[in-house]
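User: Hi! I have a new structure open and I'm not sure where to begin. Could you walk me through it?

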Amino acid sequence: MEEQIQRAEQDAAASLVELGRTLHQAGEYEKSKINLEYAIQLNPENSEAYLGRGLCYSMLGIMDEAKSDLSLALEKGLEPDLARTAYLHRGATNHYLTDFEGAIKDLDLYILDDDGDRKSLAMALLFRADAKYVLGDLDGSLEDINRSIHYNRKFGESYAIRGRIKLNRKDYRGSCNDLSKAIEIEPTLATDPNTLGPLGFSHYHLSRKTEAMQYWSKAIDSSPGDMYRGGLHCYLGRGTLFEQLGDKEKALCDYQSFEKLLEQRIQLELESGKDLSRNRLRSRLRVSRAIHRLGIDQSEKIMGYNC
């Protein structure tokens, strides 16, 4: 009798998983999650229920729970195709949570087997390329992003990442072309500081200072409190231009905004235990010197932070 009850609960859980899958495909993520929670209550060993709920959490933006469920699904055992799905989405979740080493490990397992799903493979390569870029592996990042574009030329973010890599390699014309292509494919990137900022720096290095000023100003206007990547350094770039134009008041304002945001970012990273890069220290030196040239002696204050 007990075995019959257990079998009935397992069958009911399997039916709820199938219903959850159908609701997920229809975009009903909250309803899907509720059904999958019932399935887990009936059969806590149903790995597909954890996988499905993890995917729902991911779509709902609840990333810590998504990672936990995807990990449980893998621990409890999945069929090979479903395991690859779990690795793909846990890799993307790790990327979102800035666990870039974890993202690369998971995405390696997904990319290892090319199953012909070009769009998913392109997305996995995009995430891995960005993780490698953040960790300073420019060669590996460029290789991945070129493969991503080969599999799917409709991801604007792929071109944006490649544009940032080319900027780091001083290929300013190539950087401009890729970043402009990214905006053409995905117009939403036209307000993204991580696209506009590098585009401004590429134009600046090509002596197109009017365009640089326009892109940096647009990036700042779209996200004035951005502490990361493009947005933060737009203040520094624009301040440099204002200084070159002789507008010391605006230059000082931008330098001080850069200093304030950088201070906030360093504090957050110190609290989270992250290491501070040499580039960040060089940025602090550069802004302190710029402010000093303007006659505002804040060097001791700026460099007094214990890095």
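User: Let's start with α5 and α7. How do their axes sit relative to each other?

Analyst: Happy to help! Keep in mind that this is a predicted model. The axes of helix α5, residues 80–96, and helix α7, residues 118–134, come within 10 Å and cross at roughly 30 degrees.

User: Is that crossing left-handed or right-handed?

Analyst: The α5 and α7 crossing is left-handed.

User: And which residues meet there?

Analyst: From α5 you have Leu88, Ala92 and His95. Their partners in α7 are Ser120, Ala124, Phe127, Asp130 and Ala131. Sorted by type, the residues of this contact are five nonpolar, two polar and one charged.

User: Ala124 caught my eye. How far is its C-alpha from that of Asp106?

Analyst: Those two C-alpha atoms are separated by 9.6 Å, and the residues are 18 apart along the chain. Asp106 belongs to helix α6, residues 100–111.

User: Is Asp106 buried or exposed?

Analyst: Asp106 has 5% relative accessibility, so it counts as buried.

User: Which residues does Asp106 touch?

Analyst: Leaving out residues up to four places away in sequence, Asp106 touches Tyr87, Arg90, Gly91 and Asn94.

User: Can we zoom out? How many helices and strands does the chain have?

Analyst: The protein chain has 16 helices and zero strands. There are 307 residues, and 48% of them count as buried. If you take the contacts with a separation of 6 or more, 50% of them come from residues 24 or more positions apart.

User: What about the largest nonpolar core? Which residues touch the most other members?

Analyst: That core holds 31 residues, and Ile183, Trp216 and Phe258 are the ones that touch the most other members. The elements that give two or more residues to the core are α9 (156–168), α10 (172–185), α11 (193–205), α12 (209–222), α13 (230–244) and α14 (248–272). Another core, of 18 residues, lies apart from it, and includes Ala129, Ile145, Tyr151 and Ile161.

User: Why would nonpolar residues group up like that in general?

Analyst: As a general tendency, nonpolar side chains in soluble globular proteins are buried together.

User: Let's look at α12. What is Ala219 in contact with?

Analyst: Ala219 is in helix α12. Setting aside neighbours within four places in sequence, Ala219 is in contact with Pro193, Leu196, Gly197 and Cys234. With 0% relative accessibility, Ala219 counts as buried. Its C-alpha is also 9.1 Å from that of Gly200, and the two residues are 19 apart in sequence.

User: And His203, where is that?

Analyst: His203 sits in helix α11. At 9% relative accessibility, His203 counts as buried. Beyond four places in sequence, His203 touches Cys176, Arg208, Glu211, Ala212 and Tyr215.

User: Now the other end of the chain. What does Ala49 contact?

Analyst: Ala49 lies in helix α3, residues 47–59. Apart from neighbours within four places in sequence, Ala49 is in contact with Val17, Leu36, Ala39 and Ile40. Ala49 is buried, with a relative accessible area of 0%. Gly20 is 29 residues from Ala49 in sequence, and their C-alpha atoms are 8.4 Å apart.

User: Switching to loops: what is phi for Lys170?

Analyst: Phi of Lys170 is near 65 degrees, which is a positive value in a residue other than glycine. Most residues other than glycine have a negative phi. Lys170 is in the loop between α9 and α10, and with a relative accessible area of 60% it is exposed.

User: What about Ser207?

Analyst: Ser207 also has a positive phi, near 65 degrees. Ser207 lies in the loop between α11 and α12 and is exposed, with a relative accessible area of 61%.

User: Last topic: which elements have the lowest and highest mean pLDDT?

Analyst: Helix α16, residues 299–303, has the lowest at 35, and α10 has the highest at 97. Over the chain, pLDDT averages 85, and 84% of the residues score at least 70.

User: Where does pLDDT stay under 50?

Analyst: Over residues 296–307, and the model has 25 contacts beyond four places in sequence for that stretch. Where pLDDT is low, the predicted coordinates should not be read in detail.

How values were computed:
Residues numbered from 1 in each chain as written. Predicted model: local features only at pLDDT ≥ 70, side-chain atom pairs only at ≥ 80, totals over all residues. Heavy atoms only, no water. Axes fitted to C-alpha atoms, helices over the stretch in contact; angles between N-to-C directions. Helix = DSSP H or I, 4+ residues; strand = E, 2+ residues; numbered from the N terminus. Left-handed = near helix turned anticlockwise from the far one by under 90°. Contact = heavy atoms within 4.5 Å. Nonpolar A, V, L, I, M, F, W, Y, C, P; charged D, E, K, R; others polar. Core = buried A, V, L, I, M, F, W, Y, C linked by side-chain atoms within 4.5 Å. Buried < 20%, exposed > 50% of the residue type's maximum accessible area, 1.4 Å probe, protein only. pLDDT = per-residue confidence, 0-100.
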